[in-house]
Amino acid sequence: MITKRLRRFIEDVDRVVADTDDQYELTARISPLMAELLTDGYRLPDECTRPSPDHNMTYPLYIAPDDSWCLASVVWDVDQRTPVHGHETWGVVGIYSGIEHEVRFLKPSATAPAAPLTPAGETRWRAGQVTICCTTDDDVHAVVAEGDVPTIGIHVYGGNIGTIQRRRYDPATGAVTWFASGWDPVPA
Ligand SMILES: [Fe+2]
């Protein structure tokens, strides 16, 4: 399932991850690699592009053996949306198909009392675009899948995003619940 082109991308990201721990440098250097992967016309395996009517799917494409970073195909069916959530790590997203309507919020201080979240802008990301979705100080958003086809993104995250404990927020009150997203099995 890992094509030669994807292998090259994984090796390139491995080199960056081995080079630096700085999340701003990591995301700045991985973004052009992601853009190049999309420009080159990389095609995901079909089985990693399938939506589910229940929830957005997170298929593992690669998880570094030391859990230092991972690569996922994230698939939203048309009109699916996420709650407001954080990532607690750095991440770079390349839009593979569809439209990702991202609604961002300022990350509340962990020590401040819960308060309504402050909106921080919205963007509609389209196929071929690359976004730094998160650094640990700026990682709170919700996603709505728009357009006529499923929204699919190729996501690189620091760590193993399936197991990281993350915050889910009630934007009206700032109340936090913790969760781990897990991974969805790639269909046979
Ligand atoms: Fe997210």
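Let's start with the metal: donors here are N, O and S atoms within 2.8 Å of the metal (3.2 Å for Na, K and Ca), and since water is not among the atoms, sites may look incomplete. With that cut-off, the iron ion is coordinated at 2.1 Å by the NE2 atoms of His85, His87 and His141. This is a predicted model, so local features need pLDDT of at least 70 and side-chain atom pairs count only at pLDDT 80 or more, while totals for chains, interfaces and linings use all residues. Residues are numbered from 1 along each chain as its sequence is written, and side-chain values use heavy atoms, with hydrogens and water left out.

Along the chain, the donors of the iron ion are spaced as H-x1-H-x53-H. One pair of them links distant parts of the chain: His87 sits in the loop between strand E3 (84-85) and strand E4 (91-97), and His141 lies 54 residues away in strand E8 (residues 140-146). A word on those labels: helices (H or I, at least four residues) and strands (E, at least two) are DSSP runs, numbered from the N terminus. Are these two histidines buried or exposed? The scale is relative accessible area, with buried under 20%, exposed over 50% and partly exposed in between (1.4 Å probe, protein chains only). His87 counts as buried because its relative accessibility is 1%, and His141 counts as buried because its value is 5%.

Stay with E8 for a moment. Six of its seven residues are buried, so that E8 is mostly covered. Its antiparallel partner is strand E5 (residues 99-105), with seven bridges between the two; two strands pair if DSSP finds at least two bridges between them. Across this pairing, His101 stands opposite Val144 in E8.

Now for the open sheet. Its five strands come in the order E1-E2-E9-E4-E7, and the pairing is antiparallel. Strand E1 (57-63) and strand E7 (130-134) are the edges, each pairing on one side only. On average, neighbouring strands of this sheet are turned by 25° against each other, direction ignored. For angles like this, axes are lines fitted to C-alpha atoms (for helices, over the stretch in contact), and angles run from 0 to 180 degrees between N-to-C directions.

Towards the E7 edge, E4 and E7 are antiparallel and share four bridges, with Val92 opposite Ile132 in E7. Two helices pack on the sheet, and contact here means heavy atoms within 4.5 Å. Helix H1 (residues 4-19) touches E1, strand E2 (69-76) and strand E9 (151-158), and its direction makes about 130° with that of E2. Helix H2 (residues 23-39) touches E4, E7 and E9, and its direction makes about 15° with that of E4.

What about the other edge, E1? This strand is largely enclosed by the rest of the structure, because five of its seven residues are buried. E1 runs antiparallel to E2, with six bridges joining them, and Tyr59 has Ser73 in E2 as its bridge partner. The two strands form a hairpin with five residues between them. In that turn, Asp67 has a positive phi near 60°, in a residue other than glycine. Asp67 counts as partly exposed because its relative accessible area is 37%. Asp79, in the loop between E2 and E3, is not a glycine either, yet has a positive phi of about 75°. Its relative accessible area is 59%, so Asp79 is exposed.

Tyr59 also leads to Pro187, in the segment after strand E11 (176-179). Not counting residues up to four places away in sequence, Pro187 touches Glu47, Arg50 and Tyr59. Pro187 and Arg50 are 137 residues apart along the chain, but their C-alpha atoms are separated by 8.5 Å. With 27% relative accessibility, Pro187 counts as partly exposed.

Last stop: the pocket. On a 1 Å grid over the protein atoms alone, a pocket is an open set of points where a 1.4 Å probe fits, with protein on both sides within 12 Å along at least five of seven lines, and lining residues have an atom within 4 Å of a point. Grid points are joined across faces, edges and corners, and a volume is the space filled by probe spheres set on the points. The largest pocket holds about 450 Å³ of space. Its lining has 25 residues, of which Asn56, Thr58, Thr82, Arg166 and Ser181 lie nearest its centre. E2, E8, E9 and strand E10 (166-169) are the elements that give two or more residues to this lining.
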